[in-house]
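This report walks through one structure, element by element. Please keep the sequence and the coordinates at hand.

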Amino acid sequence: QVQLVESGGGFVEAGGSLKLSCMHSGIALSIPVMGWYRQAPGKRRELVASITRSGTQYYVDSVKGRFTISRDVAKKTLYLQMNNLKADDSAVYYCNSKESFPWGPGTQVTVSS
């Protein structure tokens, strides 16, 4: 049974940093891609960043140069380092793989302007 558990969110002032973590279980180590998604109130959930098994990364334009995705395969953990946060980054952040698995509880990120 797949479980995704996100953590690391919080309240931060604009320009600040947070590092999110996603511990996953029940997912094969060979899974080709993992990603971070976010959903702000009244908006659709969007893919923010992803990383393939070989390390290829993707970022949505709005976070390029500010966010960095990484993964520790042995620890079954996905990370998202978020720097220079902006108010528009406020959302609930989730991890998943191509939206294939049941969503975890997410972690709330709130950035004050």
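Buried means under 20% relative accessible area. By that cut-off Cys95 counts as buried, because its relative accessibility is 0%. The model is predicted, and every value below is computed from it.

## The disulfide

One disulfide is counted here. Cys22 and Cys95 form this link, with their sulfur atoms 1.8 Å apart. The pair links distant parts of the chain. Cys22 sits in strand S3, while Cys95 sits in strand S9 (residues 91–96). The two cysteines are 73 residues apart.

The link of Cys22 and Cys95 is right-handed, with 45 degrees about the S-S bond. Is Cys22 buried or exposed? Cys22 is buried, at a relative accessible area of 0%. Cys95 is buried as well, also at 0%.

## The four-stranded sheet

Which order do the strands of the open sheet follow? The order is S1-S3-S8-S7, 4 strands with antiparallel pairing. Strand S1 (3–7) and S7 are the edge strands, and each pairs on one side only. From one strand to the next, the twist averages 15 degrees.

## Strand S8 and its partners

Strand S8 covers residues 77–82. Of its 6 residues, 5 are buried, so the strand is largely enclosed by the rest of the structure. On one pairing, strand S3 (residues 18–25) joins S8 through 6 bridges and runs antiparallel to it. Leu18 stands opposite Met82 in this pairing.

Strand S7 (residues 67–72) also pairs with S8 in the antiparallel sense, over 6 bridges. Met82 of S8 appears again here, opposite Phe67. Thr68 has Gln81 of S8 as its bridge partner. S7 and S8 form a hairpin, with 4 residues between them. Lys76 lies in the turn and has a positive phi of about 50 degrees.

## Thr77

Thr77 is found in strand S8. Is this residue buried or exposed? Thr77 has a relative accessible area of 7%. The cut-off for buried is under 20%, so Thr77 is buried.

The side chain of Thr77 reaches the backbone oxygen of Lys75 at 2.9 Å. What else does Thr77 touch, neighbours within four places in sequence left aside? Its contacts include Ser21, Cys22, Met23 and His24. Ser70, Arg71 and Asp72 are also in contact with Thr77. One of these contacts, Cys22, is the disulfide partner of Cys95.

## Strand S10

Strand S10 (residues 107–112) shows alternating side chains. Thr107, Val109 and Val111 point to one face and are buried. Gln108, Thr110 and Ser112 point to the other face and are not buried.

Which way does strand S2 (residues 10–13) run against S10? The two run parallel, joined by 4 bridges. Phe11 stands opposite Thr110 of S10. S9 and S10 run antiparallel, and 3 bridges join them. There, Val92 has Gln108 of S10 as its bridge partner. Both Thr110 and Gln108 belong to the face of S10 that is not buried.

## The aromatic cluster

A pair of aromatic rings is described by the distance of the centres and the angle of the planes. How many aromatic pairs does the whole structure hold? The search finds 2. Tyr37 and Trp103 form an edge-to-face pair, 5.2 Å centre to centre, with 85 degrees between the planes. Tyr37 lies in strand S4 (residues 33–39), and Trp103 lies in the loop between S9 and S10, so the pair ties together parts that are 66 residues apart in sequence. Tyr94 and Trp103 form another edge-to-face pair, at 5.6 Å centre to centre and 75 degrees between the planes.

Ring pairs link Tyr37, Tyr94 and Trp103 into a cluster. Accessibility varies across its members. Tyr37 is buried, with a relative accessible area of 6%. Tyr94 counts as buried at 12%. Trp103 is partly exposed, with a relative accessible area of 29%.

Technical notes. Residues numbered from 1 in each chain as written. Predicted model: local features only at pLDDT ≥ 70, side-chain atom pairs only at ≥ 80, totals over all residues. Heavy atoms only, no water. Buried < 20%, exposed > 50% of the residue type's maximum accessible area, 1.4 Å probe, protein only. Pairing = 2+ DSSP bridges. Polar contact = N/O pair within 3.5 Å; in protein donor to acceptor, adjacent residues only side chain to side chain. Contact = heavy atoms within 4.5 Å. Disulfide = S-S within 2.5 Å. Axes fitted to C-alpha atoms, helices over the stretch in contact; angles between N-to-C directions. Phe/Tyr/Trp six-rings, centres within 6.5 Å; stacked < 30°, edge-to-face > 60°.
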